[in-house]
Amino acid sequence: MAGELPYEAPLVEMRKKIDELVQFGQEKGIDFTDEIARLEERYHRLEEEIYTGITAAQKMHLARHQQRPTALDLIQLIFTDFIELHGDRMFGDDLAVVGGLAKLNGKTVTVIGQQRGKDTKDNIARFFGSAHPEGFRKGLRLMKQANKFGRPIITFIDTKGAYPGNTAEERGQSEAIARNLMEMAKLSVPVIVVVIGEGGSGGALAMAVGNRVLMLEHAIYSAISPNGAASILWKDASKADQAAEAMKITAKDLLEMEVIEEIVPEPRGGAHRNYEASAAFISEALIRHLDEMKGWSGDQLKQDRYEKFRKIGSVTFEPQASIEAPQELVEVDAASNLSGNVE
Amino acid sequence: MFKDIFQKKRKYATIPSERALPGEGQEVLERPKREIPEGLMNKCSKCGTIQYSKELEKNLKVCPACGYHMRLNAMERIAMVLDDQGFVEFDADMISVDPLGFPGYSNKLEQQRLKSGLKEAVITGEGTIEGLPVVVAVMSFDFFTGSMGSVVGEKITRVIEHATEKRLPMIIFSTSGGARMQESILSLMQMAKTSAALSRLDEQGGLYISVITDPTTGGVSASFASLGDINIAEPGAVFGFAGRIVIEQTIRQKLPDDFQTAEFNMQHGQLDMVVHRKELRATLGKLLDMHSEKGGV
């Protein structure tokens, strides 16, 4: 096992014991078959226990695992004939976003992904997967291209958030994200979103206005990173684990809140344990959802997407008696001289 | 400086004291000087100039000394920009719940209601400007730093849908610290919801003017505030996605003082104009008039 997370320590320990026993038996020529079988059984029970009870905080670490498959890893495994396209035609080519044409199950689709780096050098080139405006605009360009040619769009979400730097602000980070949100609502082709790692805030959402939003089992998705929330709420970024629990960021939470449509399973222990198996699960879900939307008109797809987001939110109404209060307030204020002449 | 105060005091000795407006009167409350009745005077938080609250209000809460545009709450904004008669508020009874059972959220909501005298961070409705019909959403920084949760998103979406249905122009006055963290993902999704509603207004050919006031950041700046056919900001208003401190930590440099101000955004092509508060009503009236030729659409 490589790249273990802290909560996997008991498993690592037990595996080491089993291996030692096997080796000892071989060296001394003693038959430990029964003992080893018993230990293996205990190991599997422990594994079951640990992996079925993964907490939100543990998922946060899993979702950010350095060995977790990135968008490009999954694109290579899920699709064939991937041709990467580049640039936003305005400023540059942001490597935090990748995209292009590919075939899924024999049909051409446009695929776009938020791309973390595989190592430090790659991470620097890709700004750790945090897009600048040109990244969001490149994504939008490819989406509009897909719309023109009537092919489905598949996006992979995996970012801590939009790049928080002065250059991004100067080039209109807010506008780039906002524009994507509005334009994605207008697309007449099926859009399927898969949150594969961390869905961080507006940067994630800017490419996640889909007819279907799926999440990998251990992926997380939130308005603000648990670290950020902890430092704002409790002035202590080290309370990120606590914030992760309170913020309801897991796939299960989001499915319950009807923000996502489906949880895509991961291999035991997480997607990083088996790339091929992870890709196979995603591939199956993508094909099935595209199939469900086959034959839908552009208007139908837009309506469906509109309704999906339209219903999200939780509000209530005050009892009838107090409705008059705000109207009184309006009158009081309109009567004051704030609206009066400017001197 | 002191001489001025005494002179003014004599001059306006007959003005009765007023209650401080919530939020804006806080500086006065923090430094109680017994000899000056609470709320009578106001100190500019930018240049420190002290003036009569009443005078300040006549000046639309723009500091006469330095031109700083102080924050207005939704009620003040509506009174200032819309015609005196005929404002009809929508969904006035819509209030927040605590959908995630987030620690401390319910209490905080109650505190914010008491502190601001508002029920939520946005007021929506229909009225007129210079006699021209318009649908508006007006945010208040006073309530929960204008953060967008389900109620803000829902009220704004409803009012945009109303404008689309009635073929009326839409103006949103934004001010917000961003997403309402306590509603986590539901709060984030309001960005998509409001922007989708604007996409329908846009496709129908409806006019949307975004008025950006101090400060407009995070999830609100990265959704409806940036999507106006015409984007207007008040002078000095901070408008940007990421917070200054976060950016300074990222780039490990100090940012210039004017970073993310309206003027900075103007220079970088993010705004159509920066309009002084005194001219805002007239400017909006003119824009509405120029778009009224097709019957408001």
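Let's start with Glu161(B), which counts as partly exposed at 26% relative accessibility. This is a predicted model, so please hear every value today as computed from that prediction. Glu161(B) makes a salt bridge to Arg310(A), and the closest N and O atoms are 2.8 Å apart. That pair crosses between chains: Glu161(B) belongs to helix α6 of chain B, residues 150–166, and Arg310(A) to helix α14 of chain A. How exposed is Arg310(A)? With a relative accessibility of 19%, Arg310(A) falls in the buried class, because buried means under 20%.

These two residues also have company. Arg310(A) and Glu161(B) belong to a network of salt bridges that also takes in Asp91(B), Glu154(B), Arg158(B) and Lys193(B).

Now let's step back to the interface itself. How many salt bridges are there between chain A and chain B? The count is 5. On top of that, 20 residue pairs are in polar contact across the interface, with both residues at pLDDT 80 or more. On the chain A side, the elements giving two or more residues include α7 (166–170), α9 (201–205), α10 (226–233) and α15 (324–335), along with the strands β7 (220–222) and β9 (315–317). Helix α14 (298–310), where we met Arg310(A), is one of those elements too. The largest share, though, comes from α8(A), with 8 residues. By type, the chain A side divides into 35 nonpolar, 16 polar and 12 charged residues.

And the overall extent? The size of an interface is often given as the accessible area lost when the parts come together. For chain A and chain B, the buried area is about 6200 Å², and carbon and sulfur atoms give 67% of that. In residues, the contact takes 63 from chain A and 69 from chain B.

There is a strand pairing across the two chains as well. β9(A) is joined by 3 bridges to strand β4 of chain B, residues 94–96, and the two run antiparallel. If you want a place to look on the screen, find Val315(A), which stands opposite Ser96(B) in β4(B).

Next, salt bridges inside chain A. The whole structure holds 43 salt bridges over all chains, and I picked out two. In one, Arg212(A) meets Asp304(A), with the closest N and O atoms 3.9 Å apart. This pair links distant parts of the chain, 92 residues apart: Arg212(A) is in strand β6 (residues 212–216), and Asp304(A) is in helix α14. Is Arg212(A) buried or exposed? Arg212(A) is buried, at a relative accessible area of 10%.

The other one joins Arg288(A) and Glu262(A), where the closest N and O atoms are 2.7 Å apart. Here the partners are 26 residues apart, Arg288(A) in helix α13 (residues 275–292) and Glu262(A) in strand β8 (residues 262–264). Their surroundings read like this: Arg288(A) is partly exposed at 30% relative accessibility, while Glu262(A) is buried at 17%.

Staying in chain A, let me show you strand β4(A), residues 153–159. How many of its 7 residues are buried? The count is 7 of 7. In a regular strand the side chains alternate between the two faces of the sheet. In β4(A), one side carries Ile153(A), Thr155(A), Ile157(A) and Thr159(A), the other carries Ile154(A), Phe156(A) and Asp158(A), and both faces are covered.

Which strands pair with β4(A)? Strand β3 of chain A, residues 107–114, pairs with β4(A) in the parallel sense over 4 bridges, and there Gly113(A) stands opposite Phe156(A). Strand β5 of chain A, residues 191–200, is also parallel to β4(A), over 6 bridges. In that pairing, Thr159(A) stands opposite Gly199(A).

Last stop, chain B. Chain B has 11 helices and 11 strands, and 58% of its 297 residues are buried. Taking contacts between residues at least 6 apart in sequence, 66% join residues at least 24 apart.

One residue to zoom in on there is Asn265(B), in helix α10 of chain B, residues 262–267. Asn265(B) is buried, with a relative accessible area of 4%. Which residues does Asn265(B) touch, not counting those up to four places away in sequence? They are Phe239(B), Gln260(B), Gln270(B) and Leu271(B).

Terms used: Residues numbered from 1 in each chain as written. Chains lettered and ligands numbered in written order. Predicted model: local features only at pLDDT ≥ 70, side-chain atom pairs only at ≥ 80, totals over all residues. Heavy atoms only, no water. Contact = heavy atoms within 4.5 Å. Buried area = accessible area lost by both parts, 1.4 Å probe. Salt bridge = Lys/Arg side-chain N within 4 Å of Asp/Glu carboxyl O. Polar contact = N/O pair within 3.5 Å; in protein donor to acceptor, adjacent residues only side chain to side chain. Nonpolar A, V, L, I, M, F, W, Y, C, P; charged D, E, K, R; others polar. Pairing = 2+ DSSP bridges. Buried < 20%, exposed > 50% of the residue type's maximum accessible area, 1.4 Å probe, protein only.
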